[in-house]
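Visitor: I would like a close look at a single part of this protein. Please set it in its wider context too.

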Amino acid sequence: PSVPIDQLSDLRAGDQSDEILNQENIRMNPFRIGYYFLPFLGIQSSGELEWSPTVPSVSGTVQFNVPIKQKIGIASGWRMGKQWNYFLIDGEFTYFRNDFADSMNVMGASLPIEGDTEGYSVFVNAGLRFNILAKVDWLFGAGTGYLSQEFEFTSSGLTEESESSFWTYQIFSGLNFYASEHLLFGVRYRLVGIKEMNDFSSQDLHHAELSMGYVF
């Protein structure tokens with residue numbers, strides 16, 4: 001009541017101008033700059049894998065190269081990090097598992113096989129992010145970290161177990177969708193390199209993931 005009508009109109013106009021300016025800023029820069037926590041769930045497949053056992057023979061020992069196929073497996077974990085306008089850095093934990101196919105070919109003979117591959121990894125990643133739509137950004141990057149993997153299977157009465165841990169690398173790319181100021185959905189593809197371990201060849205793991213988390 002103590003504010004004159006002309007000044008009250010100016011205050012309302014100022015509030016409306018501030019609101020329009022805030023909406024324009026949100027429209028022009030919808031991405032949250034800060035920390036994020038993203039649990040994820042996905043599927044993963046393994047590239048070519050060979051088992052190279054050494055077996056005794058009359059002349060000494062013989063080494064076989066046996067290709068082994070693995071079924072589509074699962075992967076789950078979380079990422080926690082910080083993002084800026086065009087840069088991000090995070091830490092990541094992943095658990096993964098694959099079952100072996102039902103049979104393997106040994107010198108032309110098909111032998112039954114039962115077992116799985118299980119492991120986990122911890123990576124530190126760095127990447128770039130770019131605005132491609134109003135609430136969508138595209139990201140890509142790479143990381144390095146520690147991976148532990150264990151093979152265990154049984155075939156024709158023979159049981160094989162092998163476990164190894166090592167430093168490795170990964171590359172990734174994906175899309176993030178900002179459903180609201182703090183709610184984030186994402187899709188991502190990762191390629192993880194795995195070194196040779198004991199009687200098993202090197203291989204690549206291909207991950208396809210869906211994530212949902214919080215940006216604050």
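What joins the side chains of Ser46 and Gln70?

Guide: A polar contact of 3.0 Å joins these two side chains, Ser46 and Gln70. One caution comes before the rest: this is a predicted model.

Start with the place of Ser46. Ser46 belongs to strand 1, which covers residues 34-46. Its relative accessibility is 16%, so Ser46 counts as buried. The cut-off for buried is under 20%.

Gln70 is one of two polar partners described here. The side chain of Ser46 also has a polar contact with the side chain of Gln203, at 2.3 Å. Now widen the view around Ser46. Setting aside neighbours within four places in sequence, Ser46 is in contact with Gln70, Asn98, Gln203, Asp204 and Leu205. Asp204 shows how the chain folds back on this spot. Ser46 and Asp204 lie 158 residues apart in sequence. Their C-alpha atoms are 5.9 Å apart in space.

That link fits a chain-wide count. Take contacts between residues at least 6 apart in sequence: 64% of them join residues at least 24 apart. The protein chain has one helix and 14 strands. Of its 216 residues, 38% count as buried.

Next, a second buried site. Arg188 sits in strand 13, residues 183-194. With a relative accessible area of 7%, Arg188 is buried. Its side chain makes a polar contact with the side chain of Glu92, at 2.9 Å. Two rings also matter for the picture of Arg188. Its charged end sits over the ring of Phe40, 5.8 Å from the ring centre. The charged end of Arg188 sits over the ring of Phe172 as well, 5.3 Å from that centre. Beyond four places in sequence, the contacts of Arg188 include Arg79, Asn125, His207 and Glu209. Phe40, Phe172 and Glu92 are on that contact list too.

Step back one residue along strand 13. Val187 lies in that strand. Val187 has a relative accessible area of 40%, so it is partly exposed. Outside its neighbours within four places in sequence, Val187 is in contact with Ser173, Gly174, Leu175, Glu209 and Leu210. Leu210 is 23 residues from Val187 along the chain, and their C-alpha atoms are separated by 4.7 Å. Ser173, Gly174 and Glu209 also appear among the contacts of Arg188.

Glu92 leads on to Ser121. Ser121 is found in strand 10. Its relative accessible area is 3%, so Ser121 is buried. Not counting residues up to four places away, Ser121 touches Glu92, Phe93, Thr94, Tyr146 and Leu147. Phe93 and Tyr146 have a further role in the layout. They are part of one aromatic cluster with Phe37, Trp78, Tyr120 and Trp167.

Aromatic pairs come next. The whole structure holds 16 of them. One is the pair of Tyr86 and Phe130, which is tilted: 6.3 Å centre to centre, with 45 degrees between the planes. This pair links distant parts of the chain, 44 residues apart. Tyr86 is in the loop between strand 6 (73-83) and strand 7 (87-99), while Phe130 is in strand 10 (residues 114-133). Tyr86 has 55% relative accessibility, so it counts as exposed. Phe130 is at 32%, so it counts as partly exposed.

Now the nonpolar interior. In soluble globular proteins, nonpolar side chains tend to be buried together. Here the largest nonpolar core has 11 residues: Leu49, Trp51, Val66, Ile68, Phe100, Met104, Ile113, Phe151, Phe153, Met197 and Phe200. Strand 2 (49-51), strand 5 (66-68) and strand 11 (136-155) are the elements that give two or more residues to this core.

Last, confidence. The mean pLDDT of the protein chain is 83. Of its residues, 79% reach 70 or more. Confidence is highest in strand 6, at a mean of 96. Confidence is lowest in helix 1 (residues 5-28), at a mean of 53. Where pLDDT is low, the predicted coordinates should not be read in detail.

Back to your question. Ser46 is buried, its side chain is joined to Gln70 by a polar contact of 3.0 Å, and a polar contact of 2.3 Å joins the side chains of Ser46 and Gln203.

Conventions. Residues are numbered from 1 along each chain as its sequence is written. This is a predicted model: local features need pLDDT of at least 70, side-chain atom pairs count only at pLDDT 80 or more; totals for chains, interfaces and linings use all residues. Side-chain values use heavy atoms; hydrogens and water are left out. Helices (H or I, at least four residues) and strands (E, at least two) are DSSP runs, numbered from the N terminus. Buried means under 20% relative accessible area, exposed over 50%, partly exposed in between (1.4 Å probe, protein chains only). A polar contact is a pair of N or O atoms within 3.5 Å; within protein, one must be able to donate a hydrogen and the other to accept it, and residues adjacent in sequence count only if both atoms are side-chain atoms. Contact means heavy atoms within 4.5 Å. Rings of Phe, Tyr and Trp (its six-membered ring) pair if their centres lie within 6.5 Å; planes under 30 degrees apart count as stacked, over 60 as edge-to-face and the rest as tilted. A charge sits over a ring if NZ of Lys or CZ of Arg is within 6 Å of the ring centre and within 35 degrees of the ring normal. pLDDT is the predictor's confidence in each residue, from 0 to 100. A nonpolar core is a set of buried Ala, Val, Leu, Ile, Met, Phe, Trp, Tyr and Cys residues joined through side-chain atoms within 4.5 Å.
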